Amino acid sequence: MATNAAGRKPETQLARVRRARKMNRILAETYPDAHCELDFTNPLELLVATILSAQCTDKRVNMVTPILFAKYPTVEDYAAADRSEMEEIIRSTGFFRAKTNSIIGMAQAICERHGGEVPGRLQDLVKLPGVGRKTANVVLGNAFGVPGLTVDTHFQRLVRRFGWTDETDPVKIEHIVGELLPKREWTIFSHRVIWHGRRICHARRPACGVCPLAALCPSYGTGPTAAAEAAKLVRNGPFS
């Protein structure tokens, strides 16, 4: 059972579902324009961009991908890419050698196993080099319209702060949170949480004093509660 604030009675699953859904509604009102902040026009581009986003900001990835997408417009182009050329293009995203291996390996696997088309099933995506559940759910939810929870570092931190779970394993978190919200909301909820984590609920000093979820969050007070001080911590844009 998820922990709650000190002094409170243990929360029932029904109460947690109701609180989670109310928090989701508040996030929907706070971030009506929440969306995937990686630029893409098709499933392949999103898959590549998501691989590049590991340990890198979306802003940086979006600076690199126009060049990358122009040079490698098809999965066959990625599969046959010159490794050194690709490494040079994506160098600024960090871990560029490992990411190059993943992208080329992913493309080769798609050509060999899926006729050159990015698969639209979780079980197929996670078998591709460099593709885990988080990346697969990003692609499924945003390129194929298949609901999925994107359990990245922001998501993990926030749902634990919300008192929804104590788990640290991403797969367990995904299943626990999935039981709290309607499936149709999974993809957009992921965006709302990620936006909230980037803008208000920061890892070190969350802006608690201006957080729209303050009344429902057992972690209220982790950051400054004075509105004026908290307001200075609010960010406006993709920062991770």
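Which residues in α2 meet which residues in α6? In this predicted model, L47, V48, I51 and L52 of α2 meet K99, S102, I103, M106 and I110 of α6. The residues of this contact divide into seven nonpolar, one polar and one charged.

The geometry of the pair can be described as follows. Helix α2 covers residues 43–52 and helix α6 covers residues 96–114. The two helices pack at an angle of about 155°, and their axes lie 10 Å apart. Because angles over 145 degrees count as roughly antiparallel, α2 is roughly antiparallel to α6. The crossing of α2 past α6 is right-handed.

A second region of interest is helix α9. Seven of the nine residues of α9 are buried, so this helix is largely enclosed by the rest of the structure. The buried residues are H154, F155, Q156, R157, L158, V159 and R161. They pack against α10 and α11.

The table lists the residue ranges of α9 and of the helices against which its buried residues pack.

| Helix | Residues |
|---|---|
| α9 | 153–161 |
| α10 | 170–178 |
| α11 | 186–199 |

Both ends of α9 can also be described. At the N-terminal end, D152 acts as a cap: one of its side-chain oxygens lies 3.2 Å from the backbone nitrogen of H154. H154 is itself among the buried residues of α9. After the helix comes G163, which has a positive phi, near 75°.

Key. Residues numbered from 1 in each chain as written. Predicted model: local features only at pLDDT ≥ 70, side-chain atom pairs only at ≥ 80, totals over all residues. Heavy atoms only, no water. Axes fitted to C-alpha atoms, helices over the stretch in contact; angles between N-to-C directions. Helix = DSSP H or I, 4+ residues; strand = E, 2+ residues; numbered from the N terminus. Parallel < 35°, antiparallel > 145°, perpendicular 65-115°, else oblique. Left-handed = near helix turned anticlockwise from the far one by under 90°. Contact = heavy atoms within 4.5 Å. Nonpolar A, V, L, I, M, F, W, Y, C, P; charged D, E, K, R; others polar. Buried < 20%, exposed > 50% of the residue type's maximum accessible area, 1.4 Å probe, protein only. Polar contact = N/O pair within 3.5 Å; in protein donor to acceptor, adjacent residues only side chain to side chain.
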